[in-house]
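Q: Could you take a close look at one part of this model for me, the pockets, and walk me through what lines them? I would also like to hear about the chain and the loops around them.

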Amino acid sequence: MVEAMTVISIWIVPVTVMFILLVAIIKKVPAYEVFVEGGKEGLKMSVSLLPFLLGMLVAIAILRSSGALDAFIQLVEPILIKVGIPAEIAPLAILRPISGTAALSVTSEIIQVYGPDSFLGRLASTMQGSTDTTFYILTVYFGAVGIKKMGNALKIGLIADFIGIIVSVIIVTWLFM
Amino acid sequence: MINVIWALMAVIGIVYAMFNGTMEEVNQALFDGSNEAVTLVISLSSVLIFWLGMMRVAERAGILEAFAKLARPIVSRLFPEIPSGHPAMGYILANFSANLFGLGNAATPMGIKAMEEMKKISQSDKASNSMITFLVINTSSITLIPTTVIAIRLQYGSQAPTEIVASTILATTITTVAAIFIDRLLRRSRSH
């Protein structure tokens, strides 16, 4: 099942491209011209995205480099532990929605220190794979189309992240213990 | 809300640095963070240019329309505001499938196109209900095969690098369902 999925995920992009271009040829679409036209839009979009991303990444970098994020982790850790989240995993739980790169480095560290097949290693793997960087996704998607009022999106995203962390602990305990 | 959160993140960090003696690191972080954003946008732009180009070809060849029709049974329930057969449906389905196969790269441009189409429907600079539902599903991450994690596990000598696939799928499914549920709950309480 996993091998099949890996093969599919390698094949799917080239095959999709082939399919699109074949249909374009059959329907006599000027494929190259249209591609370039759409590509220009992509370039414009990434340029307009830069201020949104830069602002968000700088704010996160300030928070992290000042030590405030670590202090926040220490502050919240006791609460997370009370809910049943192991102390070693707490930093990952807090970092995951904020910074993708930071979360990934914490995950690798946990896997390295405790071993990939330990409870903590499996838990970190599951949490890393089943949640996403909420701040980044909201910044990119809303930023790219110029939405300034995000509504409930951030609130729901963070609640979902929290649920994801708890659910991961329960599932990994249940599946592997 | 995001305006306050963003400003507070920076202000709290700088004030904390005053007492913590980490002002030098913060000074450095201002430039590092900016650099990181530029690097990120450059790598993102290659993906955006390629996929938005491809998507435009697919659109002109009528593939997207067919995809939107295919998506109707699934997407119309989740996004009742989107008229049936609207291009937004095709892009939403494309984004979900790319996410499922772990093609984070290709998923982003399709997701942005979906957002653009949803903005055309709502014609407002406020996030619409369907946009929020769409992003909530995205942030709760619907990857089937977490390739990055498997690679890390392999690197540190795991006996079974892929054994976390089942737990990941289970966790992500429950989270996504919960997120959709909370979204609906908040939406209902808002409209009353």
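A: Happy to help. A word on terms before we start: helices here are DSSP runs of H or I with at least four residues, numbered from the N terminus. Please keep in mind that this is a predicted model.

Let's begin with the largest pocket, which has a volume of about 1300 Å³. Its lining has 44 residues, and the closest to the centre are Gly100(A), Asp132(A), Thr133(A), Tyr136(A) and Gly104(B). Both chains take part: α2, α5 (100-114), α6 (119-130) and α7 (134-144) of chain A each give two or more residues, and so do α2 (23-60), α5 and α7 (147-155) of chain B. By class, this lining has 21 nonpolar, 19 polar and 4 charged residues.

The second largest pocket has a volume of about 580 Å³. Here 19 residues form the lining, with Phe72(A), Ile94(A), Ile98(A), Phe135(A) and Leu158(A) nearest the centre. At least two residues each come from α3 (68-83), α4 (90-95) and α8 (153-176) of chain A, and from α1 (2-20) of chain B. The helix that gives the most is α3(A), with 5 residues. As for class, 18 of the lining residues are nonpolar, none is polar and 1 is charged.

Now to the chain that supplies many of these names. Chain A has 8 helices and 0 strands. Its radius of gyration is 21 Å, well over the 16 Å that the globule rule gives for 177 residues, so chain A is more spread out than a compact globule. Along the principal axes, its C-alpha atoms fill a box of roughly 65 × 40 × 30 Å. Even so, 54% of the 177 residues count as buried. Among contacts in chain A with a separation of 6 or more, 63% are between residues 24 or more positions apart. The accessible surface of the chain comes to about 8100 Å², and carbon and sulfur atoms hold 72% of that.

Finally, two loop residues deserve a look at their backbone. Most residues other than glycine have a negative phi. Lys28(A), in the loop between α1 (2-26) and α2 (31-65) of chain A, has a positive phi near 60°. Lys28(A) counts as exposed because its relative accessibility is 73%, and the cut-off for exposed is over 50%. In chain B, Gln123(B) lies in the loop between α5 (104-122) and α6 (129-139). Gln123(B) also has a positive phi, about 50°, although it is not a glycine. At 68% relative accessibility, Gln123(B) counts as exposed too.

Conventions: Residues are numbered from 1 along each chain as its sequence is written. Chains are lettered from A and ligands numbered from 1 in the order in which they are written. This is a predicted model: local features need pLDDT of at least 70, side-chain atom pairs count only at pLDDT 80 or more; totals for chains, interfaces and linings use all residues. Side-chain values use heavy atoms; hydrogens and water are left out. Buried means under 20% relative accessible area, exposed over 50%, partly exposed in between (1.4 Å probe, protein chains only). On a 1 Å grid over the protein atoms alone, a cavity is a set of points where a 1.4 Å probe fits but cannot get out, and a pocket is an open set with protein on both sides within 12 Å along at least five of seven lines; lining residues have an atom within 4 Å of a point. Grid points are joined across faces, edges and corners, and a volume is the space filled by probe spheres set on the points. Ala, Val, Leu, Ile, Met, Phe, Trp, Tyr, Cys and Pro count as nonpolar, Asp, Glu, Lys and Arg as charged, and the others, Gly among them, as polar. The radius of gyration is taken over C-alpha atoms; the globule rule is 2.2 Å times the number of residues to the power 0.38. Contact means heavy atoms within 4.5 Å. Accessible areas come from the Shrake-Rupley method with a 1.4 Å probe; for residues, only the protein chains shown count as cover.
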